[in-house]
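Colleague: I would like to know the reasons behind the labels on this model. Can you take me through them?

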Amino acid sequence: MASIFKRNGKGNFVIQYTDHLGVRKEKASKTTDKRTAQVLANKLESDAMLRRVGVIDPQVESFVKKAASPLQHHINIFKAKLHAEGRSEKHIRATVSCIARVVAAKSLKTVGQLTLEAVMSHAASLRTSGRSPRTIHATLTAMKALTKWLTLSGVFPADPLAGVKKPNPKSGRRRERRMLLPEEFAWLAHVTTNEAKRSKMTGAARRLLYMVAIQTGLRAN
């Protein structure tokens with residue numbers, strides 16, 4: 001049976017009730033009106049009873065509440081997760097940037113608004129605007145990582161992007177990467193040596209950096 005009382009006889013009423021698991025709980029009524037507080041107490045007790053008999057599914061109810069929660073809050077936690085896993089700053093920055101662009105483009109505010117339709121319509125708009133398959137691939141990779149984590153965390157009942165296939169990032173590439181030919185590197189080394197200071201490095205220093213990169217395969221990251 002739900003009951004109400006005031007602590008030390010002052011302030012708002014506090015509600016005591018038994019939840020669907022049989023645990024006695026307290027909840028602030030946020031009102032000084034006794035009748036209103038009692039109505040709230042009766043509602044909590046009634047809902048607990050409906051959960052006990054299976055009329056209300058607690059798990060479904062939990063998903064409904066989470067769907068209304070701020071999406072940015074979960075994105076911030078996802079970003080912290082990437083840091084905790086030791087992902088590189090470059091990877092984290094690129095992933096979060098892709099997610100932020102989708103969120104901004106589709107005006108996503110809550111978790112429930114992050115749907116298959118929203119993400120795929122954004123991907124379609126990228127294709128229509130002439131963006132490369134590589135850009136679309138990166139966007140879908142970031143969004144799929146987010147929704148998979150939200151599902152594993154119990155925020156989503158099922159991953160809305162689980163069945164989404166990403167385009168081949170190599171198809172339609174505007175620039176094909178290849179190694180420098182020996183004669184090309186000789187030209188680059190010569191030109192660089194005689195160049196002015198750039199990026200806080202002299203031409204000679206940059207030439208040494210290029211030599212290290214081409215002979216060892218070492219990269220900035």
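What follows is a set of questions on labels and the reasoning behind each.

Modeller: One point before we start: this is a predicted model.

Colleague: Understood. Why is the contact of Phe78 and Trp149 called an aromatic pair?

Modeller: Ring centres must lie within 6.5 Å. Those of Phe78 and Trp149 are 5.7 Å apart, so the two rings pair. The structure holds 1 aromatic pair.

Colleague: And why is that pair called tilted?

Modeller: Planes under 30 degrees apart count as stacked, and those over 60 as edge-to-face. The planes of Phe78 and Trp149 are 45 degrees apart. That value falls in neither range, so the pair is tilted.

Colleague: What makes this a link between distant parts of the chain?

Modeller: Phe78 sits in helix H3 (residues 71–84) and Trp149 in helix H6. They are 71 residues apart.

Colleague: Are these two rings buried or exposed, and how do you know?

Modeller: Buried means under 20% relative accessible area. Phe78 has 2%, so Phe78 is buried. Trp149 has 14%, so Trp149 is buried too.

Colleague: On to charges. How do you know that Glu26 and Arg7 form a salt bridge?

Modeller: The cut-off is 4 Å between the side-chain nitrogen and the carboxyl oxygen. For Glu26 and Arg7, the closest N and O atoms are 2.4 Å apart. That is within the limit, so the pair is a salt bridge.

Colleague: Where do these two partners sit?

Modeller: Glu26 is in strand S3 (residues 24–28). Arg7 is in the loop between strand S1 (3–6) and strand S2 (13–18). The partners are 19 residues apart, and the pair links distant parts of the chain.

Colleague: Why is Glu26 called partly exposed?

Modeller: Partly exposed lies between the 20% and 50% cut-offs. Glu26 has 40% relative accessibility, so the label fits. Arg7, at 46%, counts as partly exposed as well.

Colleague: What separates Asp47 and Lys43 along their helix?

Modeller: About one helical turn, because they are 4 residues apart in helix H1 (residues 34–52). They also form a salt bridge, with the closest N and O atoms 2.6 Å apart.

Colleague: Which label does each of those partners get, and why?

Modeller: Asp47 has a relative accessible area of 14%, so Asp47 is buried. Lys43 has 48%, so Lys43 counts as partly exposed.

Colleague: Why does the contact of Glu195 and Arg198 count as a salt bridge?

Modeller: The N to O distance is 3.8 Å. The limit is 4 Å, so the contact counts. Glu195 is partly exposed at 32%, and Arg198 is partly exposed at 45%.

Colleague: What makes Lys81, Glu85 and Arg87 one network?

Modeller: Salt bridges that share partners join Lys81, Glu85 and Arg87. The count for the structure comes to 7 salt bridges.

Colleague: Which residues form the positive surface patch?

Modeller: Lys90, Arg93, Arg134 and Arg177 form it. Lys and Arg count as positive, so the patch takes that name.

Colleague: How do you know that Arg177 is exposed?

Modeller: Exposed means over 50%. Arg177 has a relative accessible area of 69%, so Arg177 is exposed. Arg177 lies in the loop between helix H6 (133–152) and helix H7 (182–193).

Colleague: Last one. Why is Met1 called exposed?

Modeller: Met1 has 76% relative accessibility, so Met1 counts as exposed. Met1 is in the segment before S1. From Met1 to Pro182 the C-alpha to C-alpha distance is 85 Å, and they are 181 residues apart in sequence.

Terms used
Residues numbered from 1 in each chain as written. Predicted model: local features only at pLDDT ≥ 70, side-chain atom pairs only at ≥ 80, totals over all residues. Heavy atoms only, no water. Patch = residues over 30% accessible without salt bridge, like charges linked within 9 Å, V, L, I, M, F, W, Y side chains within 5 Å. Areas by Shrake-Rupley, 256 points an atom, 1.4 Å probe, with all protein chains shown as cover. Charge placed at Lys NZ, Arg CZ, Asp CG, Glu CD. Helix = DSSP H or I, 4+ residues; strand = E, 2+ residues; numbered from the N terminus. Buried < 20%, exposed > 50% of the residue type's maximum accessible area, 1.4 Å probe, protein only. Phe/Tyr/Trp six-rings, centres within 6.5 Å; stacked < 30°, edge-to-face > 60°.
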